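Q: I am new to this structure. Please pick a single part and take a close look at it with me, then set that part in its surroundings.

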Amino acid sequence: MDAHPLKLTVQSVVAETSSIRSVVFGVEGGAVPHWQAGAHIRVALPDGGDRPYSLMALPDLPEGTVALGVLREQASAGGSRFMHELQVGDVVRATAPLNNFALHAGAAPALLFAGGIGVTPILSMAAALKAQGTSYRLHYAGRTPGLLAFLPQLQAICAEGLAVHYDSDASRLDIAAALGEAPAGAHVYVCGPAGMIDAVKTTALARGIAADRIHFELFKAELAGSPNRPFEVELKSTGQVITVATDQSIIQALEAAGLDVLYDCQRGDCGICQCGVISGVPDHRDVILSDDEKASNKVMQICVSRAKSERLVLDL
Ligand code: FES
């Protein structure tokens with residue numbers, strides 16, 4: 001059986017920000033398979049692998065087409081570069097739509113959180129909720145103005161239902177406050193970096209929102225990256241060795257060991273948690289360090305980044 005039965009031809013490419021493009025593809029024969037908000041397709045890459053991309057319900061999408069949001073990752077292997085450099089007329093193959101992040105059934109209200117390229121499925125969710133008349137609010141967070149893609153489209157879809165947050169000013173996202181305003185019985189959806197997902201999940205659970213009403217999906221760069229595995233962190237100052245479990249960030253492991261750690265965004269984009277690396281090789285997953293800084297392996301953001309080596313010795 002063909003794993004990538006969809007034949008897609010690039011119809012248009014738009015630079016939404018300096019690093020994110022929207023790509024609209026015509027589906028062969030105009031036969032767009034049925035898909036629902038939260039769904040993705042996996043696009044086949046020249047190296048034989050494939051990558052997941054959320055389907056976007058962009059306003060005014062022509063009949064017979066699908067749209068994807070494509071981030072050019074700084075430290076990317078070929079995958080994101082290939083997708084980012086697609087031009088009109090190029091042809092790719094893709095899987096049929098898959099959905100691990102579907103909206104709840106019924107009329108309960110929804111609270112949506114998006115960070116970075118994680119906005120792509122959330123935009124489709126907002127469009128679907130609006131179309132079905134379900135009440136919702138969308139919180140979209142980024143570092144500074146100019147880095148948030150699809151704002152005009154979101155404003156067209158959501159109008160007053162959209163709240164935009166920049167870490168650089170007073171509008172920065174206060175997850176607890178946003179959850180505090182959620183109507184009773186609301187379902188919570190979050191797509192973005194691991195730190196943001198963790199913060200929303202933890203805060204929502206602490207506020208008594210049931211786990212089965214909290215839905216999340218890591219943004220695609222992380223899905224495509226290496227899987228988490230445990231590793232050790234050694235503190236230079238004391239020699240203490242702390243194990244970071246598969247489902248923990250370094251910050252969480254340090255806090256669990258009783259240490260005070262300075263951090264803020266927990267998305268790898270504010271730089272507050274930056275830490276010197278004495279030895280070992282970080283697995284950089286932030287979006288703030290330059291390629292050179294990442295390649296130096298001398299600093300890392302301990303809210304999202306992990307280790308490629310068995311142990312990291314940190315300047316703590
Ligand atoms: S807390 Fe913001 S980069 Fe880590």
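A: A residue counts as buried when its relative accessible area is under 20%, as exposed when that area is over 50%, and as partly exposed in between. Keep those cut-offs in mind. Also keep in mind that this is a predicted model.

The part to look at is helix 3, which spans residues 151–158. Start with its buried residues. They are Leu151, Gln153, Leu154, Ile157 and Cys158. They cover an arc of only 160 degrees around the axis, so they sit on the same side of helix 3. Now turn to the other side of helix 3. There, Pro152 and Ala156 are exposed. So helix 3 has a buried side, given that narrow arc of 160 degrees, and exposed residues on the other side.

What covers the buried residues? The cover includes helix 2, residues 119–132. It also includes strand 8, residues 136–142, and strand 9, residues 162–166.

Next, look at the two ends of helix 3. Take the loop that leads in. Phe150 is found in the loop between strand 8 and helix 3. With a relative accessible area of 1%, Phe150 is buried. The backbone of Phe150 deserves a look too. Its phi is near 65 degrees, a positive value in a residue other than glycine. Why mention that? Most residues other than glycine have a negative phi.

Now take the loop that leads out. Ala159 lies in the loop between helix 3 and strand 9. Ala159 comes just after helix 3 and takes a positive phi of about 50 degrees. Ala159 is not a glycine either. So Phe150 has a positive phi in the loop before helix 3, and Ala159 has one just after helix 3.

Follow the chain past strand 9. Asp169 is found in the loop between strand 9 and helix 4. At 36% relative accessibility, Asp169 counts as partly exposed. Asp169 and Pro145 are 24 residues apart along the chain, and their C-alpha atoms are separated by 9.7 Å.

Helix 4 comes next, at residues 175–180. Here a contact means heavy atoms within 4.5 Å. Thr203 lies in helix 5, residues 194–206. Leaving out residues up to four places away in sequence, Thr203 touches Ile175, Ala176 and Leu179. Thr203 and Ala176 are 27 residues apart along the chain, yet their C-alpha atoms are separated by 6.3 Å.

After helix 4 comes a loop that leads to strand 10, residues 187–192. Ala184 is in that loop. Its relative accessible area is 77%, so Ala184 is exposed. The C-alpha atoms of Ala184 and Ile209 are separated by 9.0 Å, with their positions 25 residues apart along the chain.

For a contrast, go to helix 7, residues 250–256, where Ile251 has its place. At 1% relative accessibility, Ile251 counts as buried. Ile251 touches Val261, Tyr263, Cys273, Ile302 and Cys303, not counting residues up to four places away in sequence. Gly192 is 59 residues from Ile251 in sequence and 18 Å from it in space, C-alpha to C-alpha.

Finally, step back to the whole chain. The protein chain has 8 helices and 18 strands. Its radius of gyration is 20 Å, close to the 20 Å that the globule rule gives for 316 residues, so the chain is as compact as a globular protein of that length. Its C-alpha atoms fill a box of roughly 65 × 50 × 40 Å along the principal axes. Of the 316 residues, 48% count as buried.

Contacts tell of links across the sequence. Take those between residues at least 6 apart in sequence: 65% of them join residues at least 24 apart. The chain exposes about 14,000 Å², and carbon and sulfur atoms supply 52% of it. There are 24 positive and 33 negative charges, and their mean positions are 2 Å apart.

Key: Residues numbered from 1 in each chain as written. Predicted model: local features only at pLDDT ≥ 70, side-chain atom pairs only at ≥ 80, totals over all residues. Heavy atoms only, no water. Helix = DSSP H or I, 4+ residues; strand = E, 2+ residues; numbered from the N terminus. Rg over C-alpha atoms; globule rule 2.2 N^0.38 Å. Buried < 20%, exposed > 50% of the residue type's maximum accessible area, 1.4 Å probe, protein only. Areas by Shrake-Rupley, 256 points an atom, 1.4 Å probe, with all protein chains shown as cover. Lys, Arg positive; Asp, Glu negative; His and termini not counted. Charge placed at Lys NZ, Arg CZ, Asp CG, Glu CD. Arc of directions from axis to C-beta.
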